[in-house]
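Morning, everyone. I have one structure to walk through today. Let me put it on the screen.

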Amino acid sequence: MKKDIKTTKRATKVEELTRLNKFISHNSNYSRREADTLIAEGKVRVNNKIVTDMATKVSNSDKVEIGKKIIKEDKERMYTVIVYNKPKGEIVSKSDPQARKTIYDGLESRYKHFMSVGRLDFASEGLLLLSDSVEVVNSLMHSNLERVYKIKVNGFISPKVEQAMQQGIEIEDATKGAFKGTKIKSMSFSPFLAYDIQTNGEKTSKIKVVINEGKNRELRRFFAHFGLNVMDLKRVEYGGISLNNLPTGKSRFLTKEEYKNLRIFLNEENDRLIK
């Protein structure tokens with residue numbers, strides 16, 4: 001995860017209340033949406049009583065049941081993380097009203113309950129992390145871990161573009177490069193952590209960039225502000241986890257070293273939250 005390991009003193013964690021749907025998804029193979037459906041259908045009992053209120057919160061000492069199965073906190077429950085090399089032309093969603101292909105059509109059926117760490121848009125490709133753990137997904141998604149992208153744009157990367165990459169920029173109208181009907185109008189772009197202009201021509205240019213945030217179509221909006229259309233966008237690394245030679249449309253498990261680094265990162269995040 002490319003983060004320095006800091007030794008911190010652990011505090012005693014006070015038992016907290018958790019939304020019922022989150023508790024179920026965190027401690028079972030049900031997604032949060034599937035948990036909502038089970039609750040609405042009256043299939044969930046808390047302390048022997050059927051619960052249909054979505055706002056219900058529970059603690060680890062409460063007895064939660066779905067049918068005859070007891071859902072309980074399992075601190076030793078192993079989580080799984082996979083790397084998927086998403087092709088262009090797939091959306092990161094369980095389903096699509098337009099009947100477009102989703103990543104779950106490309107993934108093996110055993111991963112149908114996995115959740116994605118953020119998104120890559122329909123026209124983008126590359127590294128997408130997925131996990132069966134809500135905690136892992138949220139920790140990675142809301143982190144400042146490095147994301148590395150290879151980008152092709154339809155023009156020359158000018159000194160003004162480089163200045164914005166180096167210093168950051170506030171764009172009042174950042175709707176260019178966004179989806180039609182976007183509700184996000186303005187956007188603040190932090191300085192890029194690094195970039196490497198690999199080719200720079202009047203018709204097309206290629207650049208490799210490193211950023212540590214994942215805002216809505218951030219890179220497409222950034223380059224569109226300077227009149228550059230992103231022709232190709234491929235994520236090749238996320239938090240030190242790389243695609244390497246993984247073929248397009250294929251998935252793999254994390255390596256032992258990647259799992260080790262992930263555990264270090266998650267422990268640091270846990271320490272930070274309970275300080």
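Start with K63. K63 is partly exposed, at a relative accessible area of 34%. Bear in mind that this is a predicted model.

What does K63 pair with? K63 forms a salt bridge with E65, with 4.0 Å between the closest N and O atoms. Now look at E65 itself. Its relative accessible area is 8%, so E65 is buried, the cut-off being under 20%.

E65 has a second partner. The side chains of R45 and E65 also meet in a salt bridge, 3.3 Å from N to O. This pair links distant parts of the chain. R45 sits in strand 2, residues 44–46, while E65 sits in strand 5, residues 64–66. They are 20 residues apart. R45 is partly exposed, with a relative accessible area of 25%.

Put the three together. R45, K63 and E65 form a linked network of salt bridges. In general, side chains of opposite charge can pair when their charged atoms come close.

Next, E41 and K43. These two form a salt bridge, and their closest N and O atoms are 3.1 Å apart. Are they buried or exposed, or in between? E41 has 48% relative accessibility and counts as partly exposed. K43 is partly exposed too, at 43%.

How many salt bridges are there in total? The count comes to eleven.

Now some charge without a salt bridge. R19, K22, R32 and K57 form a positive surface patch. Patch members must have over 30% relative accessible area and no salt bridge. Take K22 as one of them. K22 lies in helix 1, which covers residues 20–26. Its relative accessible area is 33%, so K22 is partly exposed and passes the patch cut-off of over 30%.

Stay in helix 1 for a moment. I24 lies there as well. I24 is buried, with a relative accessible area of 0%. So helix 1 holds both a partly exposed lysine, K22, and a buried isoleucine, I24. For a sense of distance, take I24 and F122. They are 98 residues apart along the chain, and their C-alpha atoms are separated by 30 Å.

On to helix 2, residues 32–40. Which of its residues are buried? They are A35, L38 and I39. Seen down the axis of helix 2, these buried residues fall within an arc of 100 degrees, so they line one face of the helix. The background is simple. An α-helix has 3.6 residues a turn, so residues three or four places apart point the same way.

What about the face of helix 2 turned away from the buried side? That face carries the exposed residues R33 and A40.

Last, the overall picture. The protein chain has seven helices and 17 strands. Its C-alpha atoms fill a box of roughly 70 × 50 × 40 Å, taken along the principal axes. The chain has 275 residues, and buried residues make up 43% of them.

To recap the two items I would look at again on screen. One is the salt-bridge network of R45, K63 and E65. The other is helix 2, with A35, L38 and I39 buried and R33 and A40 exposed on the face turned away. That's it from me.

Terms used: Residues are numbered from 1 along each chain as its sequence is written. This is a predicted model: local features need pLDDT of at least 70, side-chain atom pairs count only at pLDDT 80 or more; totals for chains, interfaces and linings use all residues. Side-chain values use heavy atoms; hydrogens and water are left out. Patches are made of residues with over 30% relative accessible area and no salt bridge: like charges are joined within 9 Å, nonpolar side chains (Val, Leu, Ile, Met, Phe, Trp, Tyr) within 5 Å. Accessible areas come from the Shrake-Rupley method with a 1.4 Å probe; for residues, only the protein chains shown count as cover. Lys and Arg count as positive and Asp and Glu as negative; His and the chain ends are not counted. The place of a charge is taken as NZ of Lys, CZ of Arg, CG of Asp or CD of Glu. Helices (H or I, at least four residues) and strands (E, at least two) are DSSP runs, numbered from the N terminus. Buried means under 20% relative accessible area, exposed over 50%, partly exposed in between (1.4 Å probe, protein chains only). The arc is that of the directions from the helix axis to the C-beta atoms.
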